[in-house]
Amino acid sequence: MMDLTNEVSAGTVDSAKQTLESLLKQCNEPQAGEEPNIASVREKVLPSVTQHLVREIVSPNQTIRQQAQCSVSVLAKIYGSSVHSIMLPHKAILEDMIPPKKHLLRHQPVNTQIALMDGNTFCTTLNPRLFTMDLTVMEHKVFFHELLSLCEADDSQLLKLPCYKTVQSLTPLRKSALNALTACHYIVQVKDKIFNVLYKALNSPTTEIQEAAKECMKKVLLSIHVFVVFYLFKSSNKPMNQRSFRGYLYFEIIKTRIKLGQRKEQEFFFNSYHLSSNERKFR
């Protein structure tokens, strides 16, 4: 797959992906009537295969990167494990890159920047997380502020930087930055900052940025919903109507974040969470 370029058809790439997935299943799933030594060979080879896949989680090649992420998920399913457990023995491979420690993000080529941000997003959104951002650590703090800059800075500002002068479109870079920033929403002291950045991106003139921001906002609000409902259920013995509470919670978020009269944004939040007409009456 690494040798495939943009010159080949999409069908060829899809075929290569399917072939790789089939090989992973064929080589790792126990087969009826297989020889006894096959299982020992499988156990011996698995660490090397997994190590290679983990390394490609931050590949600058988008196809390789996405397929590596998919492949570790396939292995996790085959072995009845979590992706976290599959990757954990090889965590050290990524420690200098999640987040980047040796070089600033903007000192890397654009495709490498996207790869590092996507890799960070993937590893910090696993359950449990493979890596956790800690803003008291200088490298983590610098990376977080670089993400903020990529999300908030105007195109004219970014294009002045040497690494972006020849870039035709900053959209892929900004989308990766939004996703990586959203993956940090569990950090209490920056929750509001992340929310405000995503809200601003909802009004971007670029449709792709708007759509990316919507998906990110859904994840943030869903995590708020799950946490609060879980806390209330744990702290109270009384039954409660979860959907009614959800409607109330989301309306409170909307009421405090969105100016009156901006119906388009309100409808986005309501429709995103499929609130009923009764739930919308918490006004």
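Me: Leaving aside neighbours within four places in sequence, which residues is T171 in contact with?
Reply: Happy to start there, keeping in mind that this is a predicted model. T171 lies in helix α8. Beyond four places in sequence, the contacts of T171 are T206, E208 and I209.

Me: How far apart are the C-alpha atoms of T171 and T206?
Reply: Along the chain, T171 and T206 are 35 residues apart. In space, their C-alpha atoms are separated by 8.0 Å.

Me: Is T171 buried or exposed?
Reply: The cut-off to use here is that buried means under 20% relative accessible area. T171 has 12% relative accessibility, so T171 counts as buried.

Me: And S149, how does it count by relative accessibility?
Reply: S149 is found in helix α6. Its C-alpha atom is 9.7 Å from that of R174, a residue 25 positions away along the chain. The relative accessibility of S149 is 36%, and the range between 20% and 50% is called partly exposed. S149 therefore counts as partly exposed.

Me: Let's step back: how many helices and strands are there in the chain?
Reply: Read along the sequence, the pattern is α-α-α-α-α-α-α-α-α-α-α-α. That fits the count for the chain, which is 12 helices and zero strands.

Me: What percentage of the contacts with a separation of 6 or more comes from residues 24 or more positions apart?
Reply: For background, the chain has 283 residues, and buried residues make up 41% of them. Among contacts with a separation of 6 or more, residues 24 or more positions apart account for 62%.

Me: At what angle do the axes of α2 and α3 cross?
Reply: Helix α2 covers residues 36-55 and helix α3 covers residues 62-78. Their axes come within 9 Å and cross at roughly 150°.

Me: Which residues of α3 do L46, T50 and L53 in α2 meet?
Reply: By class, the contact of α2 with α3 holds five nonpolar, two polar and no charged residues. On the α3 side, the residues met by L46, T50 and L53 are A68, S71, V72 and L75.

Me: Why does M87 count as buried?
Reply: M87 sits in helix α4, residues 83-87. Leaving aside neighbours within four places in sequence, M87 is in contact with V54, I57, V72, L94, F122, C123, L126 and L130. M87 and T50 are 37 residues apart in sequence and 7.2 Å apart in space, C-alpha to C-alpha. M87 counts as buried because its relative accessible area is 0%.

Me: What is the relative accessible area of H84?
Reply: H84 also has its place in helix α4. Not counting residues up to four places away in sequence, H84 touches L126, P128, R129 and L130. H84 is buried, and its relative accessible area is 13%.

Me: P128 caught my eye; what is omega for the peptide bond from N127 to P128?
Reply: As a general point, most peptide bonds are trans. P128 is in the loop between α5 and α6, and the bond from N127 to P128 is cis. Its omega is near 0°.

Me: Which residue is joined to P99 by a cis peptide bond?
Reply: P99 lies in the loop between α4 and α5. The cis bond has an omega of about -15°, and the residue joined to P99 is I98.

Me: Which residues of the largest nonpolar core touch the most other members?
Reply: In soluble globular proteins, nonpolar side chains tend to be buried together. The largest nonpolar core here has 41 residues, and those touching the most other members are M117, M133, F144, L150, Y164, L178 and L181.

Me: Which helices each supply at least two residues of this core?
Reply: One of the core members, L181, is in contact with F144, L147, L148, C151, I194 and V197, leaving aside neighbours within four places in sequence. Apart from this core lies another, of 21 residues, among them L53, V54, I86 and F122. Helices that each supply at least two residues of the largest core are α5, α6, α8, α9 and α10.

Me: Last one: which helix gives the most to the lining of the largest cavity?
Reply: A search of the whole structure finds one cavity of 30 Å³ or more, and the largest cavity has a volume of about 50 Å³. N120, T121, T124, M133, F143, A180, A183, C184 and Y186 line the largest cavity. These divide into six nonpolar, three polar and no charged residues. With three residues, the helix that gives the most to the lining is α5.

Definitions and conventions. Residues numbered from 1 in each chain as written. Predicted model: local features only at pLDDT ≥ 70, side-chain atom pairs only at ≥ 80, totals over all residues. Heavy atoms only, no water. Axes fitted to C-alpha atoms, helices over the stretch in contact; angles between N-to-C directions. Helix = DSSP H or I, 4+ residues; strand = E, 2+ residues; numbered from the N terminus. Contact = heavy atoms within 4.5 Å. Nonpolar A, V, L, I, M, F, W, Y, C, P; charged D, E, K, R; others polar. Buried < 20%, exposed > 50% of the residue type's maximum accessible area, 1.4 Å probe, protein only. 1 Å grid on protein atoms, 1.4 Å probe; cavity = no way out; pocket = protein on both sides within 12 Å on 5 of 7 lines; lining within 4 Å. Points joined across faces, edges and corners; volume = space filled by probe spheres on them. Core = buried A, V, L, I, M, F, W, Y, C linked by side-chain atoms within 4.5 Å.
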